[in-house]
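Take a moment to look over the sequence and the 3D structure side by side before reading on. The paragraphs below move from strands to cores and helices, and it may help to find each element in the picture as it is named.

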Amino acid sequence: MKVNIDPYSGFCFGVTRVVETAEEVLRAEGHLYCLGEIVHNNKEIERLEKIGLEIITHEEFMRLSNCKVLIRAHGEPPETYQHALLHGIEIIDGTCPIVLRLQSRIEDDFTENSKKGVQIVIFGRKNHAEVRGLAGQTGYKTIIIESETDLDRIDYSRPVHLYAQTTMDHDHFAEIRESILNRLGSRASEEGMMVCTNSICAQVSGRIERLKKFSHENDVVVFVSYIGSSNGKLLFTQCKTVNENTYFVSGVADVREEWLKGAGTVGITGATSTPRWLLEEIASHIEKLYI
């Protein structure tokens with residue numbers, strides 16, 4: 001049996017950046033608050049907690065003062081920064097630059113066009129931290145669309161400016177766009193009636209084809225991710241469509257020997273929130289079992 005680690009796997013740029021920022025502060029000071037899970041991976045969180053990272057909720061954040069708090073890659077709405085300013089909290093901003101630019105674009109769009117009747121529509125998960133940060137740029141005067149069932153919330157007599165959470169599926173975004181255009185009907189061709197911004201991260205969307213190729217090249221695929229990662233769920237599904245012998249694990253303890261029997265090659269891959277060290281740990285575990 002040969003065990004292959006996907007060469008394109010591991011943290012995306014935004015997650016790498018915020019984790020390195022946390023490690024730098026922790027080396028210097030030994031403790032740092034982080035507002036929400038720094039990354040959707042419990043193993044990586046456990047590693048960082050051991051060196052002094054303390055994950056806090058928004059409720060706990062509101063009770064803090066005179067301290068340092070790390071903002072994760074997903075970003076935060078304006079009121080988080082306002083609270084920090086009023087209570088002597090030093091913000092260490094780990095917001096992914098791609099998310100930060102999207103926040104700014106939505107804010108500018110809303111400021112310039114809301115009085116013209118434009119609706120800011122975001123394709124994303126309603127309870128996701130990134131979406132909350134994006135919606136906050138408009139004072140939460142946005143329409144969040146998770147699926148086609150939410151499209152009735154849009155007023156098709158008014159202009160629509162469509163954006164997407166950066167980790168959403170590109171094909172599904174295209175379907176949402178087409179559904180909105182169809183509902184607008186002949187008005188869709190009017191200037192400014194429909195403005196679509198494909199704000200899905202290229203590192204995420206571009207990885208899907210490479211991931212499918214990797215899945216096709218291996219007899220069995222072990223996909224490593226935290227169960228709460230939306231990116232993990234998306235990419236796992238993409239692997240499964242290519243190779244039905246794809247299995248979801250969060251750590252070594254989840255690996256089942258019966259999955260691997262008779263396999264010539266086993267591919268190890270994961271979400272953009274899965275650390276490289278965890279992929280290597282699982283690969284090593286499998287190699288010890290069969291090699």
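Two strands are said to pair if DSSP finds at least two bridges between them. With that in mind, and remembering that this is a predicted model, we can begin with strand S4, residues 68-71, which pairs with S5 in the parallel sense over 4 bridges. One residue shows what such a bridge joins, since leucine 70 has isoleucine 92 in S5 as its bridge partner. In general, the strands of a sheet pair through backbone hydrogen bonds, in either a parallel or an antiparallel way.

These two strands belong to an open sheet of 4 strands, whose order is S3-S2-S4-S5 and whose pairing is parallel. At the edges lie strand S3 (53-56) and strand S5 (90-93), each of which pairs on one side only. Neighbouring strands in this sheet are turned against each other by 35° on average, if their direction is ignored. Across S2, S3, S4 and S5 lies helix H1, which runs at about 160° to S4.

Which residues does leucine 70 touch, once residues up to four places away in sequence are left out? The list consists of Val18, Thr21, Ala22, Leu32, Tyr33, Cys34, Leu35, Ile38, Ile92 and Gly94, so that isoleucine 92, the bridge partner in S5, appears here as well. Leu70 is also a member of the largest nonpolar core, which has 20 residues, and together with Leu32, Ile38 and Leu53 it touches the most other members. Helix H1 (13-29), strand S2 (32-35) and helix H2 (42-50) each supply at least two residues of this core, and the largest share, 6 residues, comes from H1. A second core, separate from this one, has 19 residues, among them Ile143, Tyr156, Leu162 and Leu181. In soluble globular proteins, nonpolar side chains tend to be buried together.

Further along the chain, strand S10 (residues 220-224) is mostly covered, with 5 of its 5 residues buried. Are its two faces covered or open, and which residues lie on each? Both are covered, for Val220, Val222 and Val224 on one side and Val221 and Phe223 on the other are all buried. S10 runs parallel to strand S12 (residues 265-270), to which 5 bridges join it, and valine 224 has glycine 270 of S12 as its bridge partner. S10 also runs parallel to strand S11 (residues 246-249), this time with 4 bridges, and here phenylalanine 223 is partnered by phenylalanine 248.

We can turn next to a pair of helices, H8 (residues 202-217) and H9 (residues 230-242), which pack at an angle of about 40° with their axes 8 Å apart. The crossing in which H8 passes H9 is right-handed. On the H8 side the contact involves Val204, Arg207, Ile208, Leu211, Lys212, Ser215 and His216, which meet Asn231, Leu235, Gln238, Cys239, Thr241 and Val242 in H9. Sorted by class, this contact has 6 nonpolar, 5 polar and 2 charged residues.

Finally, consider threonine 111, which has its place in helix H5 (residues 97-113). Threonine 111 counts as exposed because its relative accessible area is 61%, and the cut-off for being exposed is over 50%. The C-alpha atoms of threonine 111 and valine 195 are separated by 16 Å, while the two residues are 84 residues apart along the chain.

Conventions:
Residues are numbered from 1 along each chain as its sequence is written. This is a predicted model: local features need pLDDT of at least 70, side-chain atom pairs count only at pLDDT 80 or more; totals for chains, interfaces and linings use all residues. Side-chain values use heavy atoms; hydrogens and water are left out. A nonpolar core is a set of buried Ala, Val, Leu, Ile, Met, Phe, Trp, Tyr and Cys residues joined through side-chain atoms within 4.5 Å. Buried means under 20% relative accessible area, exposed over 50%, partly exposed in between (1.4 Å probe, protein chains only). Contact means heavy atoms within 4.5 Å. Axes are lines fitted to C-alpha atoms, for helices over the stretch in contact, and angles run from 0 to 180 degrees between N-to-C directions. A crossing is left-handed if the near helix is turned anticlockwise from the far one by less than a right angle, and right-handed if clockwise. Ala, Val, Leu, Ile, Met, Phe, Trp, Tyr, Cys and Pro count as nonpolar, Asp, Glu, Lys and Arg as charged, and the others, Gly among them, as polar.
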